[in-house]
Structures are given as C-alpha cells and as structure tokens.
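Please open the structure in a viewer and keep the sequence panel visible. The tour below proposes one selection after another.

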Amino acid sequence: MAYGQSWQEKLEAACREWRISLPVYQIVSDRRGGRTAWSSRVTVYGTVHQAKFWYDGKNLRNAKEDAAEVALSYLLGLFAASTSTGRSGW
C-alpha cells in the first residue's frame, strides 16, 4: 500500500491483494434536532464496519474514509492472525 493513498484506496488495494470482494459503502443519516448528521458503513468480507464519527453533510467523504479505516484495521488484524496461525483458504 502506497503512501498518500486514501483509506478507501488502501482498503480496495488490500481486498484485491487478498482476493476478496471489494468494499460496498452505505451512507446513513440521523436527524438530530434541526440538523442531520451523516455517517458511513462499509461491508467487506461479510462484515459491516461503522465509521467512528458522525459528520456534517458536506463531509461525506470523511465519513467513508472513517469507515474504510475501521474496516482496513479489522482486516489487517484478521489476515495477520490467519497467516500467523498457518490457516489458509479463507
């Protein structure tokens, strides 16, 4: 994974490297008083990962980046554990 890539790009590259389905993003909203907060979820390798934070509507890209970072961290831990225990064929 190259320096300077977005989390979304890093996640897609990791999925290609591990030969798993590419991530699918979903934008979600929550009405809070007179405003709407926005966040993102990403499904990858059969698991849904929620962004850590909620964002203003003009920052939806940040919401997707947040979710991609969460998902990539999960996958790195998962695949690191599977290779250290000698499992294959996931």
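The stops run from the whole chain to the sheet and then to the core.

This is a predicted model, in which local features need pLDDT of at least 70, side-chain atom pairs count only at pLDDT 80 or more, and totals for chains, interfaces and linings use all residues. Residues are numbered from 1 along each chain as its sequence is written, and side-chain values use heavy atoms, with hydrogens and water left out.

**Whole chain.** Begin with a cartoon view: the chain has two helices and three strands, arranged along the sequence as α-β-β-β-α. Helices (H or I, at least four residues) and strands (E, at least two) are DSSP runs, numbered from the N terminus. Next, show the surface, whose accessible area is about 5800 Å², 50% of it belonging to carbon and sulfur atoms; the areas come from the Shrake-Rupley method with a 1.4 Å probe, and for residues only the protein chains shown count as cover. Of the 90 residues, 31% count as buried, that is, under 20% relative accessible area (1.4 Å probe, protein chains only).

**The sheet.** Select the three strands, which form an open antiparallel sheet in the order E1-E2-E3. Two strands pair if DSSP finds at least two bridges between them. Strand E1 (24–32) and E3 stand at the edges with a single partner strand each, so one side of each lacks a neighbour in the sheet. Now select E1 and E2 together: nine bridges join these antiparallel strands, and Val24 stands opposite Thr43 in E2.

**The hairpin.** Move on to E2 and strand E3 (residues 47–50), an antiparallel pair joined by four bridges. Val44 stands opposite Thr47 in E3. Two residues lie between the strands of this hairpin, where Tyr45 takes a positive phi near 55°.

**The core.** Which residues touch the most other members of the largest nonpolar core? Select Leu11, Cys15, Ile20, Val44 and Leu75, which do so in this set of 14 residues. Helix H1 (7–18), strand E2 (35–44) and helix H2 (60–84) each supply at least two residues of this core, and H2 gives the largest share, seven residues. A nonpolar core is a set of buried Ala, Val, Leu, Ile, Met, Phe, Trp, Tyr and Cys residues joined through side-chain atoms within 4.5 Å.

**Leu75.** Finally, centre the view on Leu75. Leaving aside neighbours within four places in sequence, Leu75 is in contact (heavy atoms within 4.5 Å) with Leu11, Cys15, Trp18, Ile20, Val44, Tyr45 and Ala80.

Terms used: Buried means under 20% relative accessible area, exposed over 50%, partly exposed in between (1.4 Å probe, protein chains only).
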